Amino acid sequence: SAEAERIDGKAFAEGLRDRVAEAAAAFTARAGRQPGLAVVLVGEDPASQVYVRNKGRQTVACGMASFEHRLPADAAEADLLALVETLNGDPAVDGILVQLPLPPQMDEAKVIAAINPDKDVDGFHVVNVGRLATGLPGFVPCTPLGCVMLLRDRLGSLSGLDAVVIGRSNIVGKPMAQLLLAESCTVTVAHSRTRDLPEVVRRADIVVAAVGRPEMVKGDWLKPGATVIDVGINRVPAAEAGKTRLVGDVDYASAAAVAGAITPVPGGVGPMTIAVLLRNTIVAAHRNEGLDFDE
Ligand code: NDP
């Protein structure tokens, strides 16, 4: 059979950022200020530093204001909570993102709970988790929302499709399952205790892998023609000694021989996350100014 279509998340994310930039310009003209995103980084985690730099760059490139705040790795939790309080009260700040993970002396749940839910563009606050679960407008975590955008772009209506989400984290798996349920899929959530995972995956029209295990999902687990969304980002040793490369949670080569469409790693889900964050910030800005926003 033919090779699966490669779902180009990088191109989709570029298009989304273009639409965000247009919306940001229109917002600025109406509101007399730019939409603003504040990102807080605690400590020097190298991966987090890269993310925060990219977020800042893309925020500015879309015509929005970027506010970066850095705290030392040994900062007290109270210092971070005070900063969040300041950002909650700052009318120039529409979205607040606290980069995770936080150092061990800080309680992540407590810090997220301190963010004003209407500025919680990451969608991690329990109020937004509850809004998603009950079908109220709120903020949805960026990575799973990006996955649904790619699925809708490829499949149109998802209604009635069998979807299997592998992984049940608060950041990806659970919100992904909620979003697919809201799209009227029949949703199965698999995890480390699931019995006979290949058999569960074989039922699915849509497979979302968010596990963190390199190339775990194999082609012979898939229903022919299934749409595969690979959220995994795993660094593994490359053929050349001392070098590394990125792979997903899906074994791309064997999966692409069976699937109808599949996201590559890199260039699939990864680029969507920041683009969706910027989109969420535009939505927040309109809500904060009481303006309508038509996507
Ligand atoms: P977590 O480690 O929080 O969750 C992993 C989930 O996978 C858990 O629910 C776990 O089950 C399940 N799991 C682990 N092993 C197995 C197994 N053998 N069989 C079935 N299920 C298993 O990871 P995240 O959700 O945060 O991230 C998942 C992946 O997505 C990672 O590779 C991460 O790097 C990537 N990621 C990519 C993003 C992006 O593209 N921008 C953003 C966020 C994450 P249990 O609950 O039972 O332990």
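This is a short dialogue on how to read a predicted model.

Q: What kind of model is this, and how are residues numbered?
A: This is a predicted model: local features need pLDDT of at least 70, side-chain atom pairs count only at pLDDT 80 or more, and totals for chains, interfaces and linings use all residues. Residues are numbered from 1 along each chain as its sequence is written.

Q: What is the mean pLDDT of the chain?
A: pLDDT is the predictor's confidence in each residue, from 0 to 100. Where it is low, the predicted coordinates should not be read in detail. Here the chain has a mean of 97, and 100% of its residues reach 70 or more. For the complex, the predictor gives an ipTM of 0.99 and a pTM of 0.98.

Q: Which domains does UniProt place here, and where?
A: UniProt positions use the numbering used here, names are shortened, and annotations may be inferred rather than shown by experiment. The unreviewed entry puts "Tetrahydrofolate dehydrogenase/cyclohydrolase catalytic" at residues 7-122. It puts "Tetrahydrofolate dehydrogenase/cyclohydrolase NAD(P)-binding" at residues 141-288.

Q: How much helix and strand does each span hold?
A: Helices (H or I, at least four residues) and strands (E, at least two) are DSSP runs, numbered from the N terminus. Residues 7-122 are 50% helix and 16% strand. Residues 141-288 are 35% helix and 19% strand.

Q: Which residues of helix 6 and helix 7 meet?
A: Two residues are in contact if their C-beta atoms, placed from the backbone, lie within 7 Å. Pro-144, Leu-145, Cys-147 and Val-148 in helix 6 meet Pro-175, Met-176 and Leu-179 in helix 7. By class, this contact has 7 nonpolar, no polar and no charged residues. Nonpolar means Ala, Val, Leu, Ile, Met, Phe, Trp, Tyr, Cys and Pro; charged means Asp, Glu, Lys and Arg; the others, Gly among them, are polar.

Q: Which residues come nearest to the ligand?
A: A residue is near a molecule if its C-beta atom, placed from the backbone, lies within 6 Å of it. Of 25 residues around the ligand, Gly-167, Ser-169, His-191, Ser-192 and Gly-212 come nearest. The shell has 10 nonpolar, 12 polar and 3 charged residues.

Q: Where are the cis peptide bonds, and what is phi of Asp-196?
A: Most residues other than glycine have a negative phi, and most peptide bonds are trans. A cis bond joins Leu-100 and Pro-101, with omega about 0 degrees. Pro-101 sits in the loop between strand 4 and helix 4. Another cis bond joins Val-265 and Pro-266, with omega about -5 degrees. Asp-196 has a positive phi, near 50 degrees.
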